[in-house]
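User: I am new to this structure and would like a close look at a single part of it. Please keep the sentences short.

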Amino acid sequence: MEAKLNSAEKIETGQIRKRLISVATRIIISAIILYFVFSLVTWQNVLSAYQSADGRYIFFGGILLIANLGIRTLKWRIMLHSVKNKSSFWEAFGSVMLGISFGSFTPGEIGDFAGRALHISDARKSHLVGLALLDKAQIFVVTSAAGVISLVFLLWSGSFFIIPISLFIVVLSLVFFMRMDLLAVFGHRLNAAFFQKSWVTRVLDGFTLLKSQQLITTLLCTLLFHGVLVVQMFYFIHAFCEITLFHAFIGTSAMMFVKSCLPISLGDLGIREAGSVFFFSKFGISQAAALNASLLLFVVNVLLPSICGTIFLKHQHVTAWTIFRSLLSKSKTHPHD
């Protein structure tokens, strides 16, 4: 018995060490990327840009955080209806906020899944994690579609092929968005062949819970969410220099797509800023303005909500890893967890 306890303690210690190394690595990567990004920008220009910024546009971009969180909460509440008969807007809001808090300091925002599941009662935790994963997948599909179209525009601006390529991407993304259950089928086969983990099966079941009407509604919410991000960047950049809404869409979509494909830093710091400086420079936006706008986007959409989200942490001793560890250890005698 004592040997088993010692073995379990060693495993736990090893897991904690791996998590700390992973977080430390991402912090180092973020610092390195930010160093190179900041080295490209003259700080006098950054400071002068803030001094001459139009505060009205910063306020407009900041106030859109309400729309950002409102859309995410509405979408999450719609998704929760598939696993829970009654879910209040406040409960869904707390779940989203706690997810943002946990996701802001965990590698790959994996804590977002645990944070959302932690705040919801009377529902299977595995299904909640699966729905949160589905939410991320839906956002990635929309972000990828907008991002790839934006990259096509940047590479082949003025070409006739932009329209047919964009239409093909939209149709393909729409089909993929509506048939996310195919990912669950593929995941089940992969799990049965290689991993054989029961918790993977339960999580993947979350991809099959939404009905067609719910999928259409969540699609509209995801599109609105992306639109809010674009308008926020439009306002933040407009506070420092002129930009059209179309160019804001192209630059923001390309930046978000690259950021989503490279989740190698903590809170996406560095990747977002580098992408912003690179893509908006194509439209004559100064490096200082692009950097300032991306930092404002981080502060408004990530930093502030993550701080406020800690209010919804009911059990201070519960961590993201606790949720996932309990999920992994569920036995057949606990079918409702």
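How many residues does helix H5 have, and how far does helix H5 reach from its first C-alpha to its last? Please go on from there to the parts around the aromatic rings.

Analyst: A word on the source comes first. This is a predicted model.

Helix H5 covers residues 89–104. It has 16 residues. From the first C-alpha to the last, helix H5 reaches 22 Å. That is close to the 22 Å expected at 1.5 Å a residue.

Next comes its surroundings. Twelve of the 16 residues of H5 are buried, so the helix is largely enclosed by the rest of the structure. Buried here means under 20% relative accessible area. The buried residues of H5 include three glycines, Gly-94, Gly-99 and Gly-103. Val-96, Met-97, Leu-98, Ile-100 and Phe-102 are also among them. So are Glu-91, Ala-92, Ser-95 and Ser-101.

Helix H7, residues 125–155, offers another buried residue, Val-129. Val-129 counts as buried because its relative accessible area is 5%. The C-alpha atoms of Val-129 and Gly-206 are separated by 7.5 Å. Along the chain, these two residues are 77 residues apart.

Now to the surface. Phe-59, Phe-60, Ile-63 and Ile-66 make a nonpolar surface patch of about 410 Å². Helix H3, residues 55–63, gives the largest share of the patch, with three residues. Ile-66 lies in helix H4, residues 65–80. Ile-66 counts as exposed because its relative accessibility is 61%.

Phe-60 leads on to the aromatic rings. The structure holds eight aromatic pairs. One of them joins Phe-60 and Tyr-235. Their centres are 5.6 Å apart, with 55° between the planes. That pair is tilted. Phe-60 lies in helix H3 and Tyr-235 in helix H11, residues 212–238, so the pair ties together parts that are 175 residues apart in sequence. Both residues are partly exposed: Phe-60 at 36% relative accessibility, Tyr-235 at 23%.

The two rings also belong to a cluster. Tyr-57, Phe-59, Phe-60, Phe-234 and Tyr-235 form one aromatic cluster. Phe-59 and Phe-60 therefore appear both in this cluster and in the nonpolar patch.

One more ring has a charge as its partner. The charged end of Arg-116 sits over the ring of Trp-76. It lies 4.6 Å from the ring centre.

Notes: Residues are numbered from 1 along each chain as its sequence is written. This is a predicted model: local features need pLDDT of at least 70, side-chain atom pairs count only at pLDDT 80 or more; totals for chains, interfaces and linings use all residues. Side-chain values use heavy atoms; hydrogens and water are left out. Patches are made of residues with over 30% relative accessible area and no salt bridge: like charges are joined within 9 Å, nonpolar side chains (Val, Leu, Ile, Met, Phe, Trp, Tyr) within 5 Å. Accessible areas come from the Shrake-Rupley method with a 1.4 Å probe; for residues, only the protein chains shown count as cover. A salt bridge is a side-chain nitrogen of Lys or Arg within 4 Å of a carboxyl oxygen of Asp or Glu. Helices (H or I, at least four residues) and strands (E, at least two) are DSSP runs, numbered from the N terminus. Buried means under 20% relative accessible area, exposed over 50%, partly exposed in between (1.4 Å probe, protein chains only). Rings of Phe, Tyr and Trp (its six-membered ring) pair if their centres lie within 6.5 Å; planes under 30 degrees apart count as stacked, over 60 as edge-to-face and the rest as tilted. A charge sits over a ring if NZ of Lys or CZ of Arg is within 6 Å of the ring centre and within 35 degrees of the ring normal. The expected span of a helix is 1.5 Å times one less than its number of residues.
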